[in-house]
Structures are given as structure tokens and as C-alpha cells.
Amino acid sequence: MKLQDIPKIKHTHSNNFFLLCGPCAIEGEDMALRIAEKVVAITNKLNIPYVFKGSFKKANRSRIDSFTGIGDEKALEILAKVSEKFDVPTVTDIHETSDANLAAQYVDVLQIPAFLVRQTDLVVAAAKTGKVVNLKKGQFMSPEAMKHAVQKVKDAGSDKAWITDRGTMFGYQDMIVDFRGIPTMRQFAPTVLDVTHSLQQPNQSAGVTGGRPDMIETIARAGIVNNVDGLFIETHFDPANAKSDGANMLHLDNLEGLLTNLVAIRKTVNSLK
């Protein structure tokens, strides 16, 4: 898997990490375009290869009354508009085999959610579209076990896959990042660190996931120091009122400062022998 396999991706020769960034869920066209415009400007300024992220639907929710989306094709059309307007690739997650061919008509990367990464039919369906596949490591899985998920993509006829670590379940209401897993998973495929989901605090009694956004820079810095190929960061201009994952999102106003620091760290890491 090479960054150049992703249509429209830029700055691939900058020797920077690549970035998947955007809102947790597509809530509407205006919000998606507003977030994309800001992130595109920042990543162009810092020469960071960028993929816009947004879920077209949210199938994994704690409560039945939680927000799940604005309509599948409506959200996918917004993702396509983001790609066309800003000339950037897009990524969205799929939850059922039937989602693969539908989403592939609109986006460049299909993401397999962490809870579903062992679902062979889903992984194979994504691979067979010919799109790049982002395999999120299950919170319950070891880094070593992810080689089998990557192999499923290869066995389905594609080598366009990477792995994303989104933390490991620690007790009932917390996540931890085991940085020992990064070099292990990089043996199988390029590896991304999902910073914001790694800071979730799931299984809250209210049925709404909590989080530790104050730790975003700490985890992101550690990922860069440990040679991750990419970072995954969810962001919003109003996290408190976001319809999904607001508790662990980065405020959009804080993104440029964070990425500036991370680029500086990456340059230092690149200079080491």
C-alpha cells in the first residue's frame, strides 16, 4: 500500500505523516464543507497528505435514540461534494456488505470499523471494490492478530490496505494505547494511530460515550515519536453540540497548532538514525 494509491492525495513526497481528519458523522453539507475548508488550508500550509473523514451513517450506537445519520445517499453525496470542491480524497466507514458497493461510488477509502474487523464478508466486500481499505484494529484484538485482517484483503485480490489502531479496552470504561503495537502492525501494512477514538471512555451509565480531549496532543505526539505512518483525528467547530463523539473530538480551532507541533516532531524523528 502506497499513499499514491489514494486518488487526489497531495504532498506525498513531504516525508510527513498522512492525516485522516474530519467530523465523526456527516451532519449536513454546510458543516462538512466548513470543516473541510479549514483542514485543507492547514494541511496544504504544512504539506501534510490529507484524506477527509466523515461517517455517512453511524450504525454502532449505545442507545437506540442516538443520532445515526441524515440519510445514506444524502451523506455520501456530501462526501463526494467535499472531494470535488476541495480536490481531496475521502474516507467513510461501512457496516454491512451492501454498504461496500454503495459507498465505493462516492468515496476513495472504505473503513472497516473496529468492532467489525473480523467480519470476513465485510472485509472481502470492501477489498473487492478496488478501493483502499482502512482496517481499524478491534479494541479486543492484539496487534499480531491484525495480520489476518490484512491477509483477507490480499486474498480478495487487493494490496490496498492499512491498519488503524484506536486503542485497546482497559476495564469497562477506558481505552489505552499500547505503543508496542505500532512497530508490530507496521510489519503487515502502513499503520495509523486514531488519536481521538483512543481517548474515548465507553460504556458510560448514561449511554453516551465520554472522552479525554485534553490528552489529544499527548497521544498524537507519542504516535509520531513511535513512527506511525498516519494520524486519525476527529474535529468539529462545536464539539459540545456535535451529534456523535463530541466528548473526545478536537476543537477545529486547535487543529493548526497541534499539527504544527507534530510536523516539527516528525522532522526531528526523521533526522534521527
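The following exchange examines selected contacts, a pocket and some backbone details of a predicted model.

Reader: How many salt bridges does a search of the whole structure find?
Author: Side chains of opposite charge can pair when their charged atoms come close. In this predicted model, the search covers the whole structure, and its count of salt bridges is 13.

Reader: Which residue forms a salt bridge with lysine 10, and where is that residue found?
Author: Lysine 10 belongs to the segment before strand 1 (18-22). Its partner is 77 residues apart from it, so the pair links distant parts of the chain. The closest N and O atoms of the two are 3.0 Å apart. The partner, in the loop between helix 2 (72-86) and strand 3 (90-93), is aspartate 87.

Reader: Are lysine 10 and aspartate 87 buried, partly exposed or exposed?
Author: A residue counts as buried under 20% relative accessible area and as exposed over 50%. Lysine 10 has 31% relative accessibility, and aspartate 87 has 37%. Because each value lies in between, lysine 10 counts as partly exposed, and aspartate 87 likewise counts as partly exposed.

Reader: How many residues apart are glutamate 256 and lysine 45, which form a salt bridge?
Author: The closest N and O atoms of glutamate 256 and lysine 45 are 2.7 Å apart. Glutamate 256 is in helix 8 (residues 255-271), and lysine 45 is in helix 1 (residues 29-46). The pair thus links distant parts of the chain, and the separation is 211 residues.

Reader: Which residue of the pair glutamate 256 and lysine 45 is exposed?
Author: The cut-off for exposed is over 50% relative accessible area. Glutamate 256, at 27% relative accessibility, counts as partly exposed. The other partner has a relative accessible area of 58% and is therefore exposed: lysine 45.

Reader: Which parts of the chain does the salt bridge of arginine 186 tie together, and how many residues apart are they?
Author: Arginine 186 forms a salt bridge with aspartate 229, with 3.0 Å between the closest N and O atoms. Arginine 186 is partly exposed, with a relative accessible area of 38%. Because arginine 186 lies in helix 6 (residues 181-186) and aspartate 229 in the loop between helix 7 (216-225) and strand 12 (230-236), the pair ties together parts whose separation in sequence is 43 residues.

Reader: What residues line the second largest pocket, by class?
Author: The second largest pocket holds about 180 Å³ of space. Among the residues that line it are Met1, Phe18, Trp162, Asp229 and Arg266. Asp229 is also the salt-bridge partner of arginine 186. By class, the lining has five nonpolar, two polar and three charged residues.

Reader: What arrangement does the aromatic pair of phenylalanine 18 and tryptophan 162 have?
Author: A pair of aromatic rings is described by the distance of the centres and the angle of the planes. The structure holds one aromatic pair, in which the ring centres of phenylalanine 18 and tryptophan 162 are 5.1 Å apart. The planes stand at 65 degrees, and because the cut-off is over 60, the arrangement is edge-to-face.

Reader: Where in the chain are phenylalanine 18 and tryptophan 162, and how many residues apart are they?
Author: Both phenylalanine 18 and tryptophan 162 are buried, and both are in the lining of the second largest pocket. Phenylalanine 18 is in strand 1, while tryptophan 162 is in strand 6 (residues 161-165). The pair links distant parts of the chain, at a separation of 144 residues.

Reader: Over which ring does the charged end of lysine 85 sit?
Author: Lysine 85 is found in helix 2. It is exposed, with a relative accessible area of 55%. Its charged end sits 5.7 Å from the centre of a ring, that of phenylalanine 86.

Reader: What sign does phi have at asparagine 15 and at asparagine 227, and what is its value?
Author: Asparagine 15 is placed in the segment before strand 1, and asparagine 227 is found in the loop between helix 7 and strand 12. Neither asparagine 15 nor asparagine 227 is a glycine. At asparagine 15 phi is positive, about 65 degrees, and at asparagine 227 phi is also positive, about 65 degrees.

Note on methods: Residues numbered from 1 in each chain as written. Predicted model: local features only at pLDDT ≥ 70, side-chain atom pairs only at ≥ 80, totals over all residues. Heavy atoms only, no water. 1 Å grid on protein atoms, 1.4 Å probe; cavity = no way out; pocket = protein on both sides within 12 Å on 5 of 7 lines; lining within 4 Å. Points joined across faces, edges and corners; volume = space filled by probe spheres on them. Nonpolar A, V, L, I, M, F, W, Y, C, P; charged D, E, K, R; others polar. Salt bridge = Lys/Arg side-chain N within 4 Å of Asp/Glu carboxyl O. Helix = DSSP H or I, 4+ residues; strand = E, 2+ residues; numbered from the N terminus. Buried < 20%, exposed > 50% of the residue type's maximum accessible area, 1.4 Å probe, protein only. Phe/Tyr/Trp six-rings, centres within 6.5 Å; stacked < 30°, edge-to-face > 60°. Lys NZ or Arg CZ within 6 Å of the ring centre and 35° of its normal.
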